[in-house]
Amino acid sequence: MPPKKVRIASQDLPVWFHPTAPLGSAVRYVAGLSARFNWVGIYVLRGKFLELGPYLGAPSEHTRIPVGRGVCGTAVAENADQNVADVRERENYLACSLETRSELVVLIRDRQGEILGQIDIDSHTPGAFGPSEEEQVRKVAQELGELWPE
Ligand code: SME
């Protein structure tokens, strides 16, 4: 097993973390967790909008999503992660790719619990996100929230 943490300047950092590209390094790591993760991106919460930061996958037209809209905006409005096994069941779903069948949105919070943004994952496979996927992505979201650069 590789080490879970590396020690740099007396601070424990997750192995995926790259100090000059914190968000991008998280996206790359999450994208590598499963072949079913076909699109992985981070939206940053700025005021009443989610703005798309680094991502891997096909370009999305949804680069600025109002809080309350789509699966992503709903996560912020309801202050709750969203695990959508079949995106066709969501009336307010914003299509990024016609191939997308399931979606996981995990909120990134600071140590006080304030929402900083979210990790958004799309899969071409229905129901791609089970408890172990949720757990893995939540771990990264928590680590990123603690190391948030802004
Ligand atoms: N499906 C999201 C929009 C973002 S794309 O998936 C990249 C939503 O409904 O909010």
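# Notebook: salt bridges and the ligand site

**Entry 1: Arg138 and its partner.** I began with Arg138 and found it partly exposed, with a relative accessibility of 37%. A reminder to myself: this is a predicted model. Next I looked up what Arg138 pairs with, and the answer was Asp81: their side chains form a salt bridge, 2.7 Å from N to O. I then checked where the two sit. Asp81 is in the loop between helix H2 (70-78) and strand S6 (82-84), while Arg138 belongs to helix H3 (residues 131-146), so the bridge links distant parts of the chain, 57 residues apart. I put Asp81 down as partly exposed too, because its relative accessible area of 25% lies between the 20% limit for buried and the 50% limit for exposed.

**Entry 2: a shared network.** Which residues do salt bridges with shared partners join into one network? I found Arg46, Glu51 and Arg64. I took the pairs one by one. Glu51 and Arg46 meet through their side chains at 2.8 Å, N to O. Arg46 is partly exposed at 39% relative accessibility. Is Glu51 buried or partly exposed? I had to look twice here: its relative accessible area is 21%, and since buried means under 20%, Glu51 counts as partly exposed. Glu51 also bridges to Arg64, with the closest N and O atoms 3.4 Å apart. That pair reaches across distant parts of the chain, from strand S4 (residues 49-56), which holds Glu51, to strand S5 (residues 64-66), which holds Arg64, 13 residues away. For the tally, I noted 7 salt bridges in the whole structure.

**Entry 3: who surrounds the ligand.** I turned to the ligand and found 13 residues around it, of which Cys72, Leu94, Cys96, Glu103 and Asp122 come nearest. Which element gives the most to this shell? I noted H2, with 3 residues. Strand S3 (39-46), H2 and strand S8 (115-123) each supply at least two residues.

**Entry 4: polar atoms at the ligand.** I checked three of the nearby residues for polar atoms. A polar backbone atom of Leu94 is 2.7 Å from a ligand nitrogen. With Glu103 the side chain is involved: one of its N or O atoms lies 2.9 Å from a nitrogen of the ligand. Asp122 also uses its side chain, placing a polar atom 2.8 Å from a ligand oxygen. How much of the ligand's own surface does the protein bury? I wrote down 100% of the 310 Å² that the ligand exposes when taken alone. Last note of the day: the space the ligand takes is the largest cavity.

Technical notes
Residues are numbered from 1 along each chain as its sequence is written. This is a predicted model: local features need pLDDT of at least 70, side-chain atom pairs count only at pLDDT 80 or more; totals for chains, interfaces and linings use all residues. Side-chain values use heavy atoms; hydrogens and water are left out. A salt bridge is a side-chain nitrogen of Lys or Arg within 4 Å of a carboxyl oxygen of Asp or Glu. Buried means under 20% relative accessible area, exposed over 50%, partly exposed in between (1.4 Å probe, protein chains only). Helices (H or I, at least four residues) and strands (E, at least two) are DSSP runs, numbered from the N terminus. A residue is near a molecule or strand if one of its heavy atoms lies within 4 Å of it. A polar contact is a pair of N or O atoms within 3.5 Å; within protein, one must be able to donate a hydrogen and the other to accept it, and residues adjacent in sequence count only if both atoms are side-chain atoms. Accessible areas come from the Shrake-Rupley method with a 1.4 Å probe; for residues, only the protein chains shown count as cover. On a 1 Å grid over the protein atoms alone, a cavity is a set of points where a 1.4 Å probe fits but cannot get out, and a pocket is an open set with protein on both sides within 12 Å along at least five of seven lines; lining residues have an atom within 4 Å of a point. A molecule sits in a cavity or pocket if more than half of its atoms lie within 2 Å of its grid points.
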